[in-house]
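Here are some notes to read beside the structure, written as numbered points. Please keep the model open while you go through them, and look up each element as it is named.

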Amino acid sequence: MSLWKSLQIPSSSLLVPYATAAALAFAGVANADALSDAKTRGTLMVGVEAGGTGAVLSQTADGKIVGQDAELNAYIASKLGLKLEMVPTAWPGIIPALLSGRFDMIMSGMTATKARAEKVNFSIPYGDASLVAATTAGNAKLTSVDDLPGQTIGVLLGTNTVDFAKKYSEALASAGKPTLTVKTYDDIPTMLTDMNNGNIDGLMLPHPIIGSYAAAQPGKFKIIEGLGDKSYFAVAMRKEDTSLLDAVDAALEDAKKDGTLAALQTKWLGAATADLPDAALKP
C-alpha cells in the first residue's frame, strides 16, 4: 500500500450581503432553542464566509452572495417558513461566532470533521468535500501525489486542510521523504494569485471548490487526486439546538428526494454528488 493510501487523515430579500440591525441585536446571545427564536424573528440567520470559495459560496462585485450553498440556505429557510439572512463572517472565527449566538447555523462549505464535531452538531452530509491538490496547468514538476514531497503548498487558514497538510508532511518525514512547506492564506483568491505568480508550487482545497475555479477557467489549473479519505460538507449548529438540527436534516432529505440538491450541484459544480452518507458525522 502506498504512503498516500495509508494516510488515515479525514480530509466549511433572500440574499443579504451584510449583517443587519437584527443580526447585531442577536449577536452575543446564546439561545437554548434556535429554531423557536428563528420562528419568532421570522428569519433564519446563517453564518457564511463569502471570500471566494468559488461556486460553493462567493460574493459578487455588487455584494450579492451566490453559489450552491447560498441557494441551499434559501431552500432550507423556505422549508422552515422563514426568510433568510446570511451573515458574512471571517472563516477563522465562524465557529466561535456560532457558539456566541451571532447566528443560528453555519452553511458555508464547511467540512464535517471529528474535531469540529466536538464543538458543534453536524447535519447529514450534503456534498463531497474530499481534499485534492492543485497547481497551474503548466507546472511540470507537480503532476501527481508522488511529486508532493519538498513542495511549497498553500492552504486556507482556519480550515481542516491546515492540519491535514501538516500531518501529511509528518507522514512524509516518517517515510524518509522531504517534507512540505505549508503556507497559510486568509482567502482563496490571494492563494491562487500567489500560485499563479510562482510563490507556491500548489495548494490543497476541497475538490468542489478548486473544481469550480478550474471549470470557470478551462486549461488554467491541474487537479491532483489521491490525498486521503473521503470527507463531506455539512451544516453546523450548536449542540443544544437539536430541534433545528432535526428540521435542517429533514429539509436536506427533501432536497435529495425532490431533486433540488442534485440540480444545484449540477448547476454550480458541474455534477451531482453520488453516494452521500445517510448519517451525520459524530465526534
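1. In this predicted model, five strands make up an open sheet with mixed pairing, and their order is β4-β1-β5-β14-β6. The edges are taken by β4 (83–88) and β6 (120–122), each of which has a single partner strand, so one side of each is left without a neighbour in the sheet.

2. Within this sheet, strand β1 (residues 43–48) pairs with strand β5 (residues 105–106) in the parallel sense, and two bridges connect them. To find one such place in the model, look for Val46, whose bridge partner in β5 is Met105.

3. Helices also pack on this sheet. Helix α4 (residues 68–79) touches β1, β4 and β5, and its direction makes about 140 degrees with that of β4, while α10 touches β1, β5, β6 and β14 (236–238), with its direction at about 160 degrees to that of β14.

4. How far apart should the ends of helix α10 be? With 16 residues (242–257) and 1.5 Å a residue, the helix should span 22 Å, and because its end C-alpha atoms are 23 Å apart, the two values agree. Several residues of α10 are buried, including Leu244, Leu245, Val248, Leu252 and Ala255. As general background, an α-helix has 3.6 residues a turn, so residues three or four places apart point the same way. Just after α10, Gly259 takes a positive phi of about 90 degrees.

5. Another open sheet of five strands, also with mixed pairing, follows the order β10-β9-β11-β8-β12. Here β10 (181–185) and β12 stand at the edges with a single partner strand each, so each has one side without a neighbour in the sheet. On average, and with direction ignored, neighbouring strands of this sheet are turned by 35 degrees against each other.

6. Strand β9 (residues 152–156) runs parallel to β10 and is joined to it by five bridges; Gly154 stands opposite Lys183 in β10. Helix α7 (residues 160–174) lies across β8 (131–136), β9, β10 and β11 (202–206), running at about 155 degrees to β9. Helix α9 (residues 207–216) packs on the sheet as well, where it touches β8, β11 and β12, and its direction makes about 115 degrees with that of β11.

7. Is Ile223, in strand β12 (residues 221–224), buried or partly exposed? Its relative accessibility is 29%, so Ile223 counts as partly exposed. Its contacts beyond four places in sequence include Val132, Ala133, His207 and Ile210. Although Ile223 and Thr135 are 88 residues apart along the chain, their C-alpha atoms are separated by 6.7 Å.

Definitions and conventions
Residues are numbered from 1 along each chain as its sequence is written. This is a predicted model: local features need pLDDT of at least 70, side-chain atom pairs count only at pLDDT 80 or more; totals for chains, interfaces and linings use all residues. Side-chain values use heavy atoms; hydrogens and water are left out. Helices (H or I, at least four residues) and strands (E, at least two) are DSSP runs, numbered from the N terminus. The expected span of a helix is 1.5 Å times one less than its number of residues. Buried means under 20% relative accessible area, exposed over 50%, partly exposed in between (1.4 Å probe, protein chains only). Contact means heavy atoms within 4.5 Å. Two strands pair if DSSP finds at least two bridges between them. Axes are lines fitted to C-alpha atoms, for helices over the stretch in contact, and angles run from 0 to 180 degrees between N-to-C directions.
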